[in-house]
Structures are given as structure tokens and as C-alpha cells.
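User: I am new to this structure and would like a close look at a single part of it. Please pick one strand and describe its surroundings.

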Amino acid sequence: MYCDHGRGKIAVGTEYLTTEMMQSELERRAYLRAMGIDVWIPRNQADPVFEDAVAECPAEALGWEELRASVAGCTRCVLHQGRTQTVFGVGSPDADWMLIGEAPGAEEDRRGEPFVGRAGKLLDEMLRAIGEARDSVFIANILKCRPPNNRDPKPDESAACRSYLERQIELVRPKIILAVGRIAAQQLLDSDAPVGRLRGKVHRLGETPLIVTYHPAYLLRSPSQKRKSWDDLCLARRVMSGMLS
Ligand code: SF4
């Protein structure tokens, strides 16, 4: 299999498909599924090959379904070797709020969902406090696969995964982004400053306002910081209500 981004061709087996043909096939499948019609794939024509081909396509050309398939089949960095599954993200595809964390931990890797377990429950409570819920916002991570032993993402891994997140942001078009925790804040803002210095201000990611706050796992270890995270959420709410820009 081979993807020639410059010429827009993907080789699947012995056949060359243009990216337009691939897009059109994906759209056909999405349409048939939406109409409740099963998409038949011959046993001798392995669909994972197709999904691998999608994974080779530039993320910026993909819609939701293709992006999800692309992430699921991704082998762009070594983290694919140790994952149970990719953790794509959850929530509303047209949410006003987008929360971006670091990377899946063990529980997220097992369940395929970001921010689960005790930290996830605390995040849900934080959302409830501002009148939002897990399914009314969109939650994603910088990395879609779990780094071993919960180590920090390496620069090459973040770079390899970045276009997926960028495409998610383009598709959701949130009104505000909440960078949750040090890694997300530093990588989104291309900064090495600590969270304590990045929070309390309105940053921008392109045109979108971005607020930094503490990771709920950190808040569980340091409950005295919860008041600051509340201040961050209030700041984000003021931005959303147009009181700040
Ligand atoms: S972390 Fe991202 S780039 Fe690396 S294999 Fe997973 S999906 Fe692909």
C-alpha cells in the first residue's frame, strides 16, 4: 500500500485509487449505513486494507467517519504497538466547548473513552458545575494511543498525531477550547511554561479562545487547587458569554 499525497493516489493491493475515489467510496458507505443498508464487504476483500489506506490519507481531507477509521487503523508512531484500542474522543460533533487532554491512561485504553475513572468523574462534576455534560461538549486528547506506563508523550508521537486533533477541532468548530493539564496546555500553546503561569489568561488557538486549567487527576492529588480550576471555568464562561474576548 502506498499513499502519494502529492499526486493524490493511494495504492491498495494492485489497484490505484485517487483520494477522490476513496472519498466517494467512503461517502457511499456512510450514506448506505445511514439508510439502514448493510455495506457488504466480500470475505476475500479485507476491509482493514481499506481502513489502512484511509489511515494513509491526509487527515485534513477526512469527515468524521473517515477520520475515526483513520485513527483506528493508524500506525504512524510506535504507540500503536502497545494499545488495546485507539481513544478517538467523545461528545457532540458540534459542541460549543471542546476539552483537550493529554493521552489515554490504562483505563481509557481499556474502555476506548477519554477521561474515565476517578479523574473522569471529577471532570464530569466540573462540567456539571458550568451547566454542561459529557455529551454536550467534545472531549479529545493530544494522543489517541496510550503511552506506556503513563509517560509523557514524546515530541515525535505528538507531531504524528497532531493532524487528527487539528481535524477534530476543524470539524467541531468549538466556540472555546479548554486545555486540560500541563501537556495539553504546553503542546497547544507551544510553550514550556507551567500550568500555573498559563492559566488565568485568554489564549487563542487560531481564532478560537483557549483557556488552560488543571488536569482532574492533579486536582485529585491536590484538592486545594480546585478553587483555581473553578476560577478557570468561570473565566471560560465569561468568554463564552461574550463578556471577555
Ligand atoms: S498515537 Fe496517534 S499517531 Fe500514534 S499510532 Fe496512535 S493514532 Fe497514530
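Analyst: Of the 245 residues of the protein, 37% count as buried. The model is a predicted one, and the protein in it has ten helices and nine strands. Among contacts with a separation of 6 or more, 67% are made by residues 24 or more positions apart.

The part chosen here is strand 5, residues 97–101. Five of its five residues are buried, so strand 5 is largely enclosed by the rest of the structure. Buried here means that 20 or more other C-beta atoms lie within 10 Å of a residue's own. The side chains can be sorted by direction: Trp97, Leu99 and Gly101 point one way from strand 5, while Met98 and Ile100 point the other way. Residues of both groups are buried.

Next come the strands that pair with strand 5. One partner is strand 7, residues 176–180, which runs parallel to strand 5 and is joined to it by four bridges. In this pairing, Trp97 stands opposite Ile176 of strand 7. Another partner is strand 6, residues 138–141, and here too the pairing with strand 5 is parallel, over four bridges. Ile100 of strand 5 has Ala140 of strand 6 opposite.

To place this part in the wider model, there is also a ligand. Around the ligand are 14 residues, of which Cys74, Cys77, Lys144, Cys145 and Cys161 come nearest. This shell consists of eight nonpolar, three polar and three charged residues. Helix 6, residues 155–172, gives the most to the shell, with three residues.

Key. Residues are numbered from 1 along each chain as its sequence is written. This is a predicted model: local features need pLDDT of at least 70, side-chain atom pairs count only at pLDDT 80 or more; totals for chains, interfaces and linings use all residues. A residue is near a molecule or strand if its C-beta atom, placed from the backbone, lies within 6 Å of it. Helices (H or I, at least four residues) and strands (E, at least two) are DSSP runs, numbered from the N terminus. Ala, Val, Leu, Ile, Met, Phe, Trp, Tyr, Cys and Pro count as nonpolar, Asp, Glu, Lys and Arg as charged, and the others, Gly among them, as polar. A residue is buried if 20 or more other C-beta atoms lie within 10 Å of its own, exposed if 12 or fewer, and partly exposed in between; C-beta atoms are placed from the backbone. Two residues are in contact if their C-beta atoms, placed from the backbone, lie within 7 Å. Two strands pair if DSSP finds at least two bridges between them.
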